Amino acid sequence: MRPDGVGRTEEIRGTQVRKPIRVLVADDHAIVRRGIRALLETETDIEVVGEVEDGRQAVAEAEGLRPDVILMDLMMPEMDGIEATRRIAARQPETRILVLTSFAGDDKVFPAIKAGALGYLLKDSSPDDLVSAIGKVYRGEPSLHPKIAEKVLQELTPLSEQGAAPDLLTERDTKVLQLVARGQSNAQIANALAVSESTVRAHVHDILSKLHLVSRIQAVLYALREGLASVDDLTPAYVSRLLAMIGRDADLTPSVGPSPVADPNTRELQVLRLIAADHQKVGQELALAGEIQAGFLPDRLPDVAGWQLTATLEPARETAGDFYDVIPLPNGRLGIVVADVADKGVGAALYMALARTLIRTYAADYDTEPERVLSAVNDRILMDTRASLFVTLFYGTLDLVSGTLTYCNAGHNPPYLLTAQGGQSVQKLGRTGIPLGIYRDEAWERGAVPVAPGETLLLYTDGVTEAQNRDEAFFGEERLLAVARASLGRSARDIQDRVIAEVHSFVGDVPRSDDITVMVVMREP
């Protein structure tokens, strides 16, 4: 046993028993993992309980193994070490994270520490330094390589001398950051500020450098945390898109500045070559997955006297994350669902299938209480999956006799209730809670509106309003409402088809990046 007391002590039946520190090793190089394991296995106070080769595996194994300390590499495929650190620190604050990497640049050091790493070692550290650092971070003590400690001191010294943090951002920087946080592209920011796109890119680069951030996503989170932007300013579609990007680890490197010369032997390019070689097989499998997924959608919507119901889904890929459903309920009522999984591809399709099945199950159990349906579905999703995906969803129960729609909106785009009687009017059915799949034991409020004869309910996903043309302009809510209003008096199918046609016309030949779903429910006059 080391004299510095690396191990941990537990009390068993009144006796203090020395237990080894349980360590998980996360590094994408097998030789490095084996070397670390071989080193640590000579230490009686340390037990290596697992090895992983990427950040996603680290997050999953951290939850399953509950190690005391994780040795975290930063440059890994699938999910890098900074994002893995952020997720583990948020979910399991009792697990200490010690970064072990070859990179000492500011763009890695400060984001890793901000993400929750308690220690930061370089791979040129001695074995004794590594063992000592494991013991320190387990006890909650920071452990920094001398080079890293120097950087931290350089960063903190000017602040302590001045007694307060200087105003790092200029007034123009702050304005640019606010627009970035609201989801504006560089072109849109340039137009709003009457400057060139290159000027905007320079501002974004300066902002990331000043704040020690590595991505626009981190800049958005910073702006929200510091009160420079508010979640209330963000559309549900943009919130969902942010969650999706964070879940997929997108935009984790600066989007501005010169790009490094591509090395033809990098892991990323090698992976791309493998994907290309296997493309035909994958395409066939995706096509089959799409056919299976399509089987979850209703073959046709119910034919109900006095009502018109129609819906369509156009996937951006072979599989979709959107879905819709109409569920028969007791006493002449229908359950209406339009939802969007905050991701795309096969993973989103599988998540969609799970969510759709759970909604149908709990809709039957709580046929008059949509808020209980969402709570039950949410808890089950979080209980049964480890995927970091989210579902925005509108679920309502429609009384076909009275016309009353009782609903919950889980962070979804607000459907519109439109009427042409006594002048056109529009009522938004806004959010009554957050998306599904974020927190357990969450609650949703219930809303209710009457759907009168002649009124039309338009439901959609953000693939409609977030559709972009060549100028990076969004189709937007105003265009959607204009099309819907101009179509009032027509059949539900006509309204649906005109919305889809206008979106296609607006986008032109620009490839779509998101699924499009539209549902129209009309009560006949």
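**Reasoning behind burial, stacking and confidence**

User: Why is Tyr416 called buried in this model?

Analyst: In this predicted model, Tyr416 has a relative accessible area of 0%, and because buried means under 20%, Tyr416 is classed as buried.

User: What makes Tyr460 buried?

Analyst: The relative accessible area of Tyr460 is 1%, which falls under the 20% limit, and therefore Tyr460 counts as buried.

User: How many aromatic pairs does a search of the whole structure find?

Analyst: The search finds four aromatic pairs.

User: How do you know that the rings of Phe394 and Tyr407 are stacked?

Analyst: Their centres are 5.3 Å apart, with the planes at 20°; because a pair needs centres within 6.5 Å and stacking needs planes under 30 degrees apart, the pair is stacked. The two residues lie 13 residues apart, Phe394 in strand E12 (residues 391–399) and Tyr407 in strand E13 (residues 404–410), and in this way the pair links distant parts of the chain. Phe394 and Tyr407 are both buried.

User: Why is the pair of Tyr416 and Tyr460 called stacked?

Analyst: The ring centres of Tyr416 and Tyr460 are 5.6 Å apart and their planes meet at 25°, so with limits of 6.5 Å for pairing and 30 degrees for stacking, the pair is stacked. This pair also links distant parts of the chain, with Tyr416 in strand E14 (residues 416–419) and Tyr460 in strand E17 (residues 456–460), 44 residues apart.

User: Why does Ser505 count as exposed?

Analyst: Ser505 has 57% relative accessibility, and because exposed means over 50%, Ser505 counts as exposed. Ser505 is found in helix H18 (residues 492–507), and its C-alpha is 9.3 Å from that of Asn469, although the two are 36 residues apart in sequence.

User: How do you know that the span of helix H15 agrees with the expected one?

Analyst: Helix H15 (residues 370–384) has 15 residues, which at 1.5 Å a residue should span 21 Å, and its end C-alpha atoms are 21 Å apart, so the two values agree. Among the buried residues of H15 are Val373, Leu374, Val377, Ile381 and Leu382.

User: Where does pLDDT stay under 50?

Analyst: The protein averages a pLDDT of 78, and 76% of the residues score at least 70. However, pLDDT stays under 50 over residues 156–166, for which the model has three contacts beyond four places in sequence, and also over residues 246–286, for which there are 44 such contacts. Where pLDDT is low, the predicted coordinates should not be read in detail.

Technical notes: Residues are numbered from 1 along each chain as its sequence is written. This is a predicted model: local features need pLDDT of at least 70, side-chain atom pairs count only at pLDDT 80 or more; totals for chains, interfaces and linings use all residues. Side-chain values use heavy atoms; hydrogens and water are left out. pLDDT is the predictor's confidence in each residue, from 0 to 100. Contact means heavy atoms within 4.5 Å. Helices (H or I, at least four residues) and strands (E, at least two) are DSSP runs, numbered from the N terminus. Buried means under 20% relative accessible area, exposed over 50%, partly exposed in between (1.4 Å probe, protein chains only). Rings of Phe, Tyr and Trp (its six-membered ring) pair if their centres lie within 6.5 Å; planes under 30 degrees apart count as stacked, over 60 as edge-to-face and the rest as tilted. The expected span of a helix is 1.5 Å times one less than its number of residues.
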